[in-house]
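Biologist: I have not looked at this one before, so could you walk me through it slowly?
Modeller: Gladly; here it is.

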Amino acid sequence: MRAFVYPLLAVLSLGGCAGIRMQIPQMNPLTESAMEQRFQQGIPPSLNVPVGQRRDFARRTANAVHGAAVNVCNRVFGLDHQCTVRLSRYRLAVLEQSPTVNAQIDQKNNITLFGGLIGRVGSADELAAVLAHEYAHGLMGHVGRKIRNVALGSLVGTAVGAAVGAAVSDERGSASDGARTGEHYGRLAGFRAYSQAMENEADHLGLFILNEAGYDIKAASHFHMRLLNASRSLKNPKQSSTLLYIRTHPGSRERIQKLIGAEKMIETGHLKPIWKQ
């Protein structure tokens, strides 16, 4: 039953979600060449910011990114969006003693930075890139979209699981077991639905915020190169539990190339993303 139900759940869950709304540059020979050159050049070593200094370091960087996010929000969404008011609700939490490498924004606009991530970055520019990415998630409404995706996946999964369970067996409990299994995998499919699309949108908009704040826009690709290198060098499975950013913000060479493509947009004078028609 699983081989039939799970792909169906994924299709149905994805069908209820909106895709990317921005014209994000795609991979091409130029972006691939630029990426390979960056890998050859290498990236700066981690700053290894001491635990006691991580909170101040993060807050100084966040203050700069916050002001830039307001400016980009006004430019992208217009004054009617009340960007200053909206972004005044954002709150930064710094878990400086946590070894976890992660950052996240929740439905209450709380942005949480974990100590392991702050200690791993190679510059303030890289930390600003992470913060700009989380601000972009908030401005694009991604948290609410993911919650709705999970709810939709749960409903679809329950219905399909029960129907398939009843169809494949006459045993008592088959339909209810199928419903429970379908709900579980439906929630999972809903959570994952278009997660990569949302990450690409946040990367893209975040780069414009990063540029507005006056940081090096190459820092975003450097940070993802850093995590990609870290994921390849993991030998102890226990280490992977601290690298949550890799699991919640899937990294790839494709993602790095899309960031490089967005850099070219900014370098040629674009001050905001281009929306799809």
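Modeller: Before anything else, a word on naming: helices (H or I, at least four residues) and strands (E, at least two) are DSSP runs, numbered from the N terminus. This is a predicted model, in which local features need pLDDT of at least 70 and side-chain atom pairs count only at pLDDT 80 or more, while totals for chains, interfaces and linings use all residues. Residues are numbered from 1 along each chain as its sequence is written, and side-chain values use heavy atoms, with hydrogens and water left out.

Biologist: OK, how many helices and strands are in the protein?
Modeller: The protein has 12 helices and 3 strands. Of its 277 residues, 46% are buried, where buried means under 20% relative accessible area, exposed means over 50%, and partly exposed is in between (1.4 Å probe, protein chains only).

Biologist: And what share of the contacts between residues at least 6 apart in sequence join residues at least 24 apart?
Modeller: That share is 77%, with contact meaning heavy atoms within 4.5 Å.

Biologist: Let's start near the beginning of the chain: where does Thr 31 lie?
Modeller: Thr 31 lies in helix 2, and with a relative accessible area of 4% this residue is buried. Its C-alpha atom is 5.3 Å from that of Gln 257, although the two residues are 226 apart along the chain. If neighbours within four places in sequence are set aside, Thr 31 touches Gln 26, Gln 257, Ile 260 and Gly 261.

Biologist: So how do helix 2 and helix 12 cross?
Modeller: Helix 2 (residues 29-41) and helix 12 (residues 253-267) have axes that come within 9 Å and cross at roughly 105°; the axes are lines fitted to C-alpha atoms, for helices over the stretch in contact, and angles run from 0 to 180 degrees between N-to-C directions. That angle makes helix 2 roughly perpendicular to helix 12, on a scale where under 35 degrees is roughly parallel, over 145 roughly antiparallel, 65 to 115 roughly perpendicular and the rest oblique.

Biologist: Which residues meet there?
Modeller: From helix 2, Thr 31, Glu 32, Ala 34, Met 35, Glu 36, Arg 38 and Phe 39 meet Arg 253, Ile 256, Gln 257, Ile 260, Gly 261 and Glu 263 of helix 12. The residues of this contact divide into 5 nonpolar, 3 polar and 5 charged, where Ala, Val, Leu, Ile, Met, Phe, Trp, Tyr, Cys and Pro count as nonpolar, Asp, Glu, Lys and Arg as charged, and the others, Gly among them, as polar.

Biologist: Is Arg 38 buried or exposed?
Modeller: Arg 38 counts as buried, at 9% relative accessibility. Leaving out neighbours within four places in sequence, Arg 38 contacts Lys 218, Ser 221, His 222, Met 225, Ile 260 and Glu 263.

Biologist: New topic: which residues form a disulfide?
Modeller: Cys 73 and Cys 83 do, with their sulfur atoms 2.0 Å apart, and the structure holds 1 disulfide, meaning a pair of cysteine sulfur atoms within 2.5 Å. Cys 73 sits in helix 3 (residues 51-77) and Cys 83 in helix 4 (residues 83-87), so the pair ties together parts that are 10 residues apart in sequence. The torsion about the S-S bond is about -75°, so this disulfide is left-handed. Cys 73 is buried at 1% relative accessibility, and Cys 83 is buried with a relative accessible area of 1%.

Biologist: What about Gln 82, where does it lie?
Modeller: Gln 82 lies in the loop between helix 3 and helix 4, and it is exposed, with a relative accessible area of 52%. Its phi is positive, near 55°, in a residue other than glycine.

Biologist: Last one: at what angle do helix 6 and helix 10 pack?
Modeller: Helix 6 (residues 124-139) and helix 10 (residues 219-233) pack at about 90°, with axes 8 Å apart, which makes them roughly perpendicular. The residues in contact are Asp 125, Glu 126, Ala 129 and Val 130 from helix 6, and Ala 219, Ala 220, His 222, Phe 223 and Arg 226 from helix 10. Of the 16 residues of helix 6, 13 are buried, so this helix is largely enclosed by the rest of the structure. Just after helix 6 comes Gly 141, with a positive phi of about 70°.
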